[in-house]
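Here's a quick briefing to read alongside the model. Have the sequence and the 3D view open, and we'll go through it topic by topic.

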Amino acid sequence: MKPILQLYRGYANEQELIVMGHVFKRLYDYDFQKKNFKNASSIVNLFQVKTIENFDVYLKLGDSTIHTKTLDDGYFNFCIPLEKEFNFGWMEYEVSIKYKNEMITSTGSYIRPHKGNLGIISDIDDTFLVSHTNNLFKKIYILLFRNVNNRKVFNDVVSHYQALSKAGRNNKDEQNAFFYISSSEWNLYKFIVKFTKLHQLPRAVILLKDIKTGLADFLMSGRGDHNHKYEKIKHVLEFYPNLKYVLLGDDSQHDPVLYERICKIFPVTVKAVYIRQTGKKQKETTRTILKNLENLEVSVCYFKESSEAIRHSKSIGLIL
């Protein structure tokens with residue numbers, strides 16, 4: 001069987017380009033139109049992929065071709081120094097793998113943000129995608145039995161994100177750098193891309209958790225250790241040190257704690273933190289953390305409805 005090449009959105013700064021993907025032995029395509037049990041089997045299949053380790057991968061960049069190999073879980077990550085000025089905005093890159101005498105080539109995209117002053121990092125589940133993370137059975141039921149067309153975004157979240165995407169930009173073709181960083185696994189990448197396109201959420205670099213290759217892993221999807229999320233957020237802030245950041249999350253899991261750690265390490269970098277309230281009442285622990293962040297002169301908003309978050313963003317001059 002031919003190996004399958006899957007690319008993800010990459011990103012670049014003045015000195016370096018980072019692009020990544022997986023090589024699969026077996027991959028199930030998620031069918032976005034299937035309903036009920038057919039959608040459930042489609043989702044379960046996403047967690048039964050087979051990857052290929054130590055497989056040769058080639059990145060074409062300008063006139064040169066750069067060679068690497070996949071890691072143990074079939075993942076590859078090119079971190080390439082950029083020697084000449086590239087353009088700004090979204091651009092394409094090309095990766096190939098060899099199978100027998102055939103080259104299998106795929107094209108992905110990466111962003112080099114236009115010079116600006118804002119970067120936006122958002123969680124996914126229960127931040128913009130209604131997921132019911134607090135209720136494991138409900139979360140799994142919805143993931144299995146609601147296809148991408150039947151999944152919901154929170155009211156006004158799209159307006160807020162689109163306004164943040166354009167904040168401080170005079171040119172409508174330029175957007176601020178957006179990152180969706182989640183504890184969901186790479187298995188759900190295509191679902192997330194499709195969902196964000198469907199709802200016209202800003203195009204973003206998506207950074208997820210290591211791929212899972214078994215049914216038992218499916219039940220733990222999005223749970224467990226969230227340290228990878230902290231490391232990825234920290235990496236983005238280090239990669240683009242001149243941006244001011246807006247962090248958006250929710251109180252269902254560990255976002256407030258992770259964001260507090262980030263704000264303490266980058267005391268001049270984070271401009272605002274938004275936390276969505278997912279239960280009937282605000283959490284005392286979250287309120288304490290946000291109070292502490294205000295003490296660090298980070299603007300905070302603990303909100304139930306995105307309309308509150310929009311009003312807050314306007315009040316601090318983040319959006320018009």
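Start with charge: the chain carries 46 positive and 35 negative side chains, and the centres of those two sets sit 6 Å apart. Keep in mind that this is a predicted model. From there, the points below go from the whole chain down to a few residues.

**Overall build**
- Nine helices and 15 strands make up the secondary structure of the chain.
- With a radius of gyration of 20 Å, close to the 20 Å that the globule rule gives for 320 residues, the chain is as compact as a globular protein of that length.
- If you lay the C-alpha trace along its principal axes, the chain spans about 60 × 50 × 30 Å.
- Take the contacts between residues at least 6 apart in sequence: 71% of them join residues at least 24 apart.

**Surface and burial**
- Of the chain's 320 residues, 54% count as buried.
- The chain exposes about 15500 Å², and carbon and sulfur atoms supply 49% of that area.

**Cysteines**
- How many disulfides does the structure hold? The count is zero.
- C263 shows the spacing: its sulfur is 14 Å from the closest cysteine sulfur, which belongs to C301, and that's too far for a bond because a disulfide needs the two sulfurs within 2.5 Å.
- C263 is also buried, at a relative accessible area of 2%.
- C79, on the other hand, counts as partly exposed, with 44% relative accessibility.

**E260 in helix α7**
- You'll find E260 in helix α7, which covers residues 255-265.
- Is E260 buried or exposed? At 13% relative accessibility it counts as buried, since the cut-off is under 20%.
- Setting aside residues up to four places away in sequence, E260 touches I289, N292 and L293.

**F195 in helix α4**
- F195 belongs to helix α4, residues 189-198.
- This phenylalanine, F195, is buried, with a relative accessible area of just 1%.
- Which residues does F195 contact once its neighbours within four places in sequence are left aside? They are F128, L129, V148, R151, K152, V153 and L201.
- For a sense of how the chain brings distant stretches together, check F195 against N147: the two are 48 residues apart in sequence, and their C-alpha atoms are 9.9 Å apart in space.

Definitions and conventions: Residues are numbered from 1 along each chain as its sequence is written. This is a predicted model: local features need pLDDT of at least 70, side-chain atom pairs count only at pLDDT 80 or more; totals for chains, interfaces and linings use all residues. Side-chain values use heavy atoms; hydrogens and water are left out. Helices (H or I, at least four residues) and strands (E, at least two) are DSSP runs, numbered from the N terminus. The radius of gyration is taken over C-alpha atoms; the globule rule is 2.2 Å times the number of residues to the power 0.38. Buried means under 20% relative accessible area, exposed over 50%, partly exposed in between (1.4 Å probe, protein chains only). Contact means heavy atoms within 4.5 Å. Accessible areas come from the Shrake-Rupley method with a 1.4 Å probe; for residues, only the protein chains shown count as cover. Lys and Arg count as positive and Asp and Glu as negative; His and the chain ends are not counted. The place of a charge is taken as NZ of Lys, CZ of Arg, CG of Asp or CD of Glu.
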